Amino acid sequence: MMKSRRSDCPRLLALVIVLFGIGPLARAETYTPGQPIDQDFAGFAEPFLTDHCIDCHGESDPEGDLSLENLGPVDAINASVWTSVWAQVSLQEMPPPDMSQPEVIERLKFSDWIVGELSDAMQDKGGFHAHRDPNKGNFLDHDLLFGSLPEGIQLVPTSSPARIWRLTPDEHITRLNDLFNAEPEYDPAKPGLRAHGDAVPTNHGGELKLYFGVDRIIKWQGGTVAYATAVKSVPAVLSSPRDHGLENYPDFSPVNSAEATQIMGIAGDILRYMVDGPLSIAEPYQITDDPESIADKMQGDLRGLPTSLVYSTKVTRPITPVYDLMKEDAPTEEHVHSAVDFLFEALTFRPPTKTESNRYMEIVEQSIEKLGRKDGAVLGLSAIFLDRDSLFRPELVEKGEADEHGRVMLQDWELGLAVNHALRYIQPDAELRQSIVDGRMRTRDDVKREVERMLADDSIRKPRLLRFFREYFDYDLGGYICKDTRALGETGVNNKGVAHYNAMFDATASTDRLIELILQEDTDVLKRLLTTDQVVAGKADNTYFGKQRSREEMAASVAAEKAAAKKEALALTAWKKANPGKEPPDAANAKKKPKINHAVTEANLTGPEIYARVSRRSFGRGSMKPERVLATAREGERLGILTHPSWLVSHSDAMDNHVIRRGRWIQERLIGGAIPDVPITVDAMLPDEPRTPLRERMRVTREDYCWTCHRKMDPLGFPFEMYNHAGLYREFEHRQPVDTTGEIIDSGDPELDGKVANAFELIQKLGESERVEQVFVRHAFRFWMGRNETLNDAPVLQAAHRAYRDNNGSMKALLVSLLTSDAFLYRTRSESALATTN
């Protein structure tokens, strides 16, 4: 921005000194990313504001009603203003492009200074975390990461901070599930089928829960809801609501006292089931292979009650040393030792040290002495469920020598579990475990050997890989978008209530399987995901992949049905007249004729039958069948995951499409741009005009104050108006032709910028872009490193992109590059990280 319009000579003289005396020296200074900026407000920040900000944000008629005229040093009171300044400066929105710009190093140092000051000022107010938010990772200029750096920027070898990772809900629930449920082993003949090592699926309501004994239930009373109520279950622990964006960041979520209490309660249930199986939750008569033999016990309305279930006599749960301990009348020290060591490694994925083993043995023995064999063992062993390493995965590098940059390489169990966690939710397989025990997990080559081995072995389930694509594409949220019943009906979907949400969970599983098929071929992975015409389809997808008819087409369909019905009625009358007293041959089938959905021209999705992972916890064996097909979408209507109902519905709301959310996804996940947080002064509401096309109602976002940000999102979201908010293809909206035009604006790549006619043109341009590949690599880095990238990570990111591109778009090559990088292998100790061990 222009300099402040102040006429007093002393002020002007000071400004001249700043500009001509200090300026050249500042430009000659070096900048090392990550080093603290040891400057004060008066000598550093205030001159920056004066030079670049005050002209637009002064006392008189400030832009955006934000005055920086009297903004003082950072404190807890003005922290929100400084956060806004940080965002605008980092995103190069301030100063505006038509104003004088600060030098690159000056801008970087100012941004770092604000982060440092906010971190100090907010220590007692919950801390400052915005710069670590994965959704703000793009605040770092893309061109600095993948282009040439200005003279004066000196990078240092990268590393990640020493830390402990909180387990994700998926990982924690899978660990617990492994204690008492026997999951099917991998079947090479059915590669898409759920197997041991996959994440535990949600239930029919989309909830992630643990269920006891579902592999033994052979009969029940009532439907799915009654069944889900009757089966003993516990809710997910360490849970947090799934929202858009990457979530697996290590230091965002502590474990509070309420969760610790919940975990203790769950531990008791699990331990008792490990010993008694269904008898811990059922009556003895419920365990039989002949349900008819207990018909007299199953009288009355038992729906939803634990006694409505019948279990087979076959023992399927794992029989472990915990069973041996509790079944022995006089357990020995060896029984206690075996149970403690088994449970510790099952929950932490590593064997206990001698000190840890002895400590828990003492707890268990004291509990047995006070409470008796079984109750005491349950209480004592429950303590292991709350061990730090049962809830977190430490990377504290307490052993090992630091290099000249203060970095220590992970080794042995810390390194082995880091590699295991990168791909899996269950314990390390035998080969990886042996490598750790033998001291062969200490070098970059060791990591490369194990990563390449696991990636090449299809029998090793890798749910973390699929989890990345779920969090990157955000296609798994459709079942959680609470649709208005009337609005859903107007889309042409005849699935109402639970049927729609089940269809969306199924759609997620179908997209999962399509991603796995593309990963299996491992060629041009991102481009194929964006542009494939293949779909994995289930029973409901002929509707969801169909086309919403215009009113004229609906009327023609109704007329055709009436004409056909009239013709059939005349033929039937004639037949009866010719065959008096006889039953028409198709009388039974006539009553079963499916109801025609006149609002949709259904897709005819056919192809080879295909197995897919179960989309939700199933209580029967229906999910064990190849209930989907691998089909080709209708030409001209679908192109890649962004046009699949799973993605479209996940980026919609209760009533309509969500142009802003879709556009923001394109901007952030593909183009690499970023959007500042919405100011609290903005009334982010569209006009309530139900029969007006969405593009017209969004005229409010084109107001000058809004358009600065919305120009980055709306033109990218409008091309997807060729689909309604249930994901159906359409050509009309409220009887008007749909306007699907859009534009890519200021992407950073001139070849990308320009107008597009529809979603197909937009996707095709993005699918060919090198910048889009690089942005994809940035998101992969954040997911697998558990932090946002810094300038020091530029060599890692560039090497990962080269590996991806040189290997024809191979996700495996990209992963090997990331998981053998310094950012993955090295940790830098800090006092705060080491304090977590005390």
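Helices here are DSSP runs of H or I with at least four residues, numbered from the N terminus. The structure in these exercises is a predicted model.

**Exercise 1. A salt bridge inside one helix**

Find where arginine 175 and glutamate 171 lie, and state whether each is buried or exposed.

Solution. Begin with the position of the two residues: arginine 175 and glutamate 171 both belong to helix 6 (residues 169–180), where they are four residues apart, about one turn of the helix. An α-helix has 3.6 residues a turn, so residues three or four places apart point the same way. The next step is the contact itself, and here the side chains of arginine 175 and glutamate 171 meet in a salt bridge at 3.5 Å, N to O. For the last step, recall that buried means under 20% relative accessible area. Arginine 175, with a relative accessible area of 4%, is buried, and glutamate 171, at 2% relative accessibility, counts as buried too.

**Exercise 2. Salt bridges between separate parts of the chain**

Explain why the salt bridge of glutamate 768 and lysine 527 ties together parts that are 241 residues apart in sequence.

Solution. First confirm the bridge: the side chains of glutamate 768 and lysine 527 meet at 2.9 Å, N to O. Then place each partner, since glutamate 768 lies in the loop between helix 29 (759–767) and helix 30, while lysine 527 lies in helix 20 (residues 525–531), so the pair ties together parts that are 241 residues apart in sequence. Finally, consider accessibility: glutamate 768 counts as exposed at 53% relative accessibility, whereas lysine 527 is partly exposed at 32%.

A second pair can be worked through in the same order. Glutamate 689 forms a salt bridge with arginine 699, and their closest N and O atoms are 2.7 Å apart. Glutamate 689 sits in the loop between helix 25 (659–671) and helix 26 (694–697), and arginine 699 in the loop between helix 26 and helix 27 (704–710), so that this pair, 10 residues apart, links distant parts of the chain. Glutamate 689 is partly exposed, with a relative accessible area of 25%, and arginine 699 is partly exposed as well, at 34%. Salt bridges that share partners also join Asp429, Glu431, Asp446, Arg449, Glu450 and Arg453 into one network.

**Exercise 3. Cysteines without a partner**

How many disulfides does the count come to, and why does cysteine 53 not form a bond with cysteine 56?

Solution. The count comes to zero disulfides. The reasoning needs a cut-off, because a disulfide is a pair of cysteine sulfur atoms within 2.5 Å. The cysteine sulfur closest to that of cysteine 53 belongs to cysteine 56, and at 8.8 Å it is too far for a bond. Likewise, the sulfur of cysteine 709 has its closest cysteine sulfur in cysteine 706, which at 8.7 Å is too far for a bond. As for their surroundings, cysteine 53 counts as buried at 1% relative accessibility, while cysteine 709 is partly exposed at 24%.

**Exercise 4. A helix and its packing**

What span does helix 4 reach, and which helices do its buried residues pack against?

Solution. Helix 4 (residues 104–121) has 18 residues and reaches 26 Å from its first C-alpha to its last, close to the 26 Å expected at 1.5 Å a residue. Its buried residues include Ile105, Leu108, Phe110, Trp113 and Leu118. The buried residues of helix 4 pack against helix 2 (41–52), helix 3 (79–90) and helix 5 (142–146). Phe110 also appears in the largest nonpolar core, which has 124 residues, and is among those with the most contacts inside it, together with Trp82, Phe469, Phe473 and Trp784. The largest share of this core, eight residues, comes from helix 30 (residues 770–785).

**Exercise 5. Unusual backbone geometry**

Where do valine 397 and arginine 735 lie, and is each buried or exposed?

Solution. Most residues other than glycine have a negative phi, and most peptide bonds are trans. Valine 397, however, has a positive phi of about 40° although it is not a glycine; valine 397 lies in the loop between strand 7 (392–395) and strand 8, and is buried, with a relative accessible area of 2%. Arginine 735 has a positive phi near 70°; arginine 735 is in the loop between strand 14 (732–733) and strand 15 (736–737), and counts as exposed at 56% relative accessibility. As a last step, turn to the peptide bond that joins methionine 94 and proline 95, which is cis, with omega about 0°; proline 95 is found in the loop between helix 3 and helix 4.

Definitions and conventions:
Residues are numbered from 1 along each chain as its sequence is written. This is a predicted model: local features need pLDDT of at least 70, side-chain atom pairs count only at pLDDT 80 or more; totals for chains, interfaces and linings use all residues. Side-chain values use heavy atoms; hydrogens and water are left out. A nonpolar core is a set of buried Ala, Val, Leu, Ile, Met, Phe, Trp, Tyr and Cys residues joined through side-chain atoms within 4.5 Å. Buried means under 20% relative accessible area, exposed over 50%, partly exposed in between (1.4 Å probe, protein chains only). A salt bridge is a side-chain nitrogen of Lys or Arg within 4 Å of a carboxyl oxygen of Asp or Glu. The expected span of a helix is 1.5 Å times one less than its number of residues. Contact means heavy atoms within 4.5 Å.
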